[in-house]
Amino acid sequence: GSSGINAEYREVVQKTTERYKLFEGVYQVSLTAEWDEATGKHKLKPVVSWSHPPLGTTKCRNITATEKIVPEFAFPDLDLLEVKRINFLTETYAFVQTDMSAARTVGYCRRFKYKDTVASRLRSGTDASVTQSNEDKNRKLSRNQRRLLKIRVWCIVTKLHCFDTFSAIFDEIHTMRRQTTTNADSEVFSFLKTIGEAAAPLPGYAMQIQYVSKNSAAGEMGLYDVKRPVQRTG
């Protein structure tokens, strides 16, 4: 019967997946502008604008500690970016965190440039009405700072040292972003929540996940194959 099929399926899944999730947390980091009285200039500050699990909802010490450092690691070159005009290419980079038991987690990050919309300006606290209400023109953001406010960094924190797997996930996010006309991330959020709850496939295996996509209203679920290459030795 169906129970036998389900049991057989679970056995197959258990043989091809790890005991832990694909990743421990995923974060979207953006920049906000704060007025610095000491310097008389605006200062950009990285903040987590979305995460799964939501900030402050886990009792895991490692995740709580990670939540505090992710913004800084998402923009390690912020001081340079604020003073030097740089062409924003899609970049992928990583940082490694070691806890008290010497266990290592990796934060894989990719930087994206978002479209400039009213919604994104409001979210960043830089709507025109905010800057225009200040009579002191010196308090306006520099052109370079306004460009930086369009940047978002996606960061995935995981136990897996598997660059190719997470680079492919970032590629999928990039594809979703390119196809959106509203600058909204609802499909990306659904995608990341779903794969974040999935068990990590063993090396050499793949796992297909379904998520709520922009076509789900028409009965089409989004499909994605999480692939983990065979680990190299030597």
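I began with the aromatic rings of this predicted model, and noted that ring pairs join Trp-50, Trp-154 and Phe-189 into a cluster.

I then looked up how many aromatic pairs there are, and the count comes to 8. For Phe-191 and Tyr-211 I found ring centres 5.1 Å apart and planes at 65°, and because planes over 60 degrees apart count as edge-to-face, I entered this pair as edge-to-face. Phe-191 sits in helix H8 (residues 186-197) and Tyr-211 in strand S8 (residues 206-211), so I recorded a contact that links distant parts of the chain, 20 residues apart.

Next I checked whether these two residues are buried or exposed. Phe-191 has a relative accessibility of 0% and therefore counts as buried, and Tyr-211, at 5%, counts as buried too.

I went on to the rings of Phe-191 and Tyr-224, whose centres lie 5.1 Å apart with the planes at 85°, so that this pair is also edge-to-face. Here the partners are in helix H8 and in strand S9 (residues 222-227), and the pair therefore ties together parts that are 33 residues apart in sequence. Tyr-224 is buried, as is Phe-191.

Turning to the strands, I looked at S2 (residues 25-36) and S3 (residues 41-52), which run antiparallel and are joined by 11 bridges. For Thr-32 I looked up the bridge partner in S3, and found Lys-45. The hairpin of S2 and S3 has 4 residues between the strands, and I noted that Gly-40 in this hairpin takes a positive phi near 70°.

Technical notes: Residues are numbered from 1 along each chain as its sequence is written. This is a predicted model: local features need pLDDT of at least 70, side-chain atom pairs count only at pLDDT 80 or more; totals for chains, interfaces and linings use all residues. Side-chain values use heavy atoms; hydrogens and water are left out. Rings of Phe, Tyr and Trp (its six-membered ring) pair if their centres lie within 6.5 Å; planes under 30 degrees apart count as stacked, over 60 as edge-to-face and the rest as tilted. Helices (H or I, at least four residues) and strands (E, at least two) are DSSP runs, numbered from the N terminus. Buried means under 20% relative accessible area, exposed over 50%, partly exposed in between (1.4 Å probe, protein chains only). Two strands pair if DSSP finds at least two bridges between them.
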